[in-house]
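Visitor: I would like a close look at a single part of this model. Please start from one residue and work outward.

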Amino acid sequence: MRGWTEFWQMGGYARFVWSAYGVTAVLLAAELVQLVLRRRNLARRLKQMRNLRTD
Amino acid sequence: MAASPTHWTRYAAPANFYPLAGRLIPWFAVPAVLLTVWGLYLALVVAPADFRQGEAYRIMFIHVPAAWMSMWLYVTMAVYAGVGLVVRTRLSSMMAAAIAPTGALFTFIALWTGSFWGKPMWGTWWVWDARLTSELVLLFLYLGVMALTAAIDDPRRADRAGGLLALVGVVNVPIIYFSVQWWNTLHQGASIKMGAAPTMSNVMLWAILVMTLAFWMYSFVTAFLRVRCIILDRERHAEWAQRVVDNR
């Protein structure tokens, strides 16, 4: 197996390879976070609606 | 339908599909993680450097799966939208709406990674060639469907308008796929053709297939997470939706 430094350098294409992989990873993670937050906000809104009704 | 409560059509009701989608999520999330780890290992460690492109070609292992998913998710979205238009099942339109953002994301990733592959190999970030342009049109179609659905207040009318645009846009998918054959493009031809021996080594092929499966499983997870939000939002006045919030 190649060494770590060699691995990160990607044969001189590090800038391109890691920009591609990095942005992909960040975007996919961001979508998951956004969905979890959306669900949380929705739950809060639903609770507020119900509290208004029962008050 | 009340006579046979276990029949699968009962899950066409958003209220019944909501908990089912929740139970299905782990069954796609776990494979998504495992396949990603395996796919990245194949793509970054096992696969040898390309004899012409060196290490830069490793972008292919996310570029090709993302491009495939962008087209596949569009077709899936259009089928759901079509069923929603014809049969008027609300859940189908909700599924179409749930798939669109993930499809748009993979389209963007395909364009972005392609750009970062094109720069070192072709010497340019972008060219207006048939493959790239039609993929960009796909991104605009996704965004158009999302914007149109979001702009109309009445959910039923929003579903119909978005669904119609999604259906019309389907013609773009074969254009993307065959663009490298129909036009003289800078973009290379298909890496893997049906009915022909693949032009790449076994380990590269495996890496692409595993990454594609990983993206696919990921798409199931986000589609189910999002459709649960859409259902809950649209049914927020229903008794069951109020109860759901208590049981988390």
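Visitor: Which residues does B:Ile59 touch, not counting residues up to four places away in sequence?

Guide: A caution comes before the answer: this is a predicted model. B:Ile59 touches residues of chain A, namely A:Phe16, A:Val17 and A:Ala20. On chain B, B:Ile59 touches B:Thr113, B:Phe116 and B:Trp117. Residues up to four places away in sequence are left out of that list.

Now the core. The largest nonpolar core holds 76 residues, and B:Ile59 and B:Met77 touch the most other members. Helix H2 (14–54) of chain A supplies at least two residues of this core. So do H1, H2, H3, helix H4 (130–151), H7 and H8 of chain B. H3(B) gives the most to this core, with 18 residues. As a general point, nonpolar side chains tend to be buried together in soluble globular proteins.

Next, the contact between the chains. Chain B puts in 29 residues and chain A puts in 24 residues. On the side of chain B that touches chain A, H3, H7 and helix H8 (239–246) each supply at least two residues. H3(B) gives the most to that side, with 9 residues. By type, the residues on that side of chain B are 17 nonpolar, 5 polar and 7 charged.

Chain A is the partner here. Chain A has 2 helices and 0 strands. Its C-alpha atoms fill a box of roughly 65 × 20 × 10 Å along the principal axes. The radius of gyration of chain A is 22 Å, while a compact globule of 55 residues would have one near 10 Å. Of the 55 residues of chain A, 16% count as buried.

Back to chain B, and to another helix that supplies the core. H1(B) runs over residues 14–46, which makes 33 residues. At 1.5 Å a residue, H1(B) should span 48 Å; the end C-alpha atoms are 44 Å apart, so the two values agree. H1(B) does bend, by about 25° at B:Leu24. A proline, B:Pro26, follows within four residues.

The buried residues of H1(B) include B:Pro14, B:Phe17, B:Tyr18 and B:Ala21. Also buried are B:Ala32, B:Leu35, B:Gly39, B:Leu42 and B:Ala43. An α-helix has 3.6 residues a turn, so residues three or four places apart point the same way. What covers the buried residues of H1(B) includes helix H2 (60–87), helix H3 (90–122) and helix H7 (202–234) of chain B.

Technical notes:
Residues are numbered from 1 along each chain as its sequence is written. Chains are lettered from A and ligands numbered from 1 in the order in which they are written. This is a predicted model: local features need pLDDT of at least 70, side-chain atom pairs count only at pLDDT 80 or more; totals for chains, interfaces and linings use all residues. The expected span of a helix is 1.5 Å times one less than its number of residues. The bend at a residue is the angle between axes fitted to the seven residues ending there and the seven starting there. A residue is buried if 20 or more other C-beta atoms lie within 10 Å of its own, exposed if 12 or fewer, and partly exposed in between; C-beta atoms are placed from the backbone. Two residues are in contact if their C-beta atoms, placed from the backbone, lie within 7 Å. Ala, Val, Leu, Ile, Met, Phe, Trp, Tyr, Cys and Pro count as nonpolar, Asp, Glu, Lys and Arg as charged, and the others, Gly among them, as polar. The radius of gyration is taken over C-alpha atoms; the globule rule is 2.2 Å times the number of residues to the power 0.38. A nonpolar core is a set of buried Ala, Val, Leu, Ile, Met, Phe, Trp, Tyr and Cys residues joined through C-beta atoms within 7 Å.
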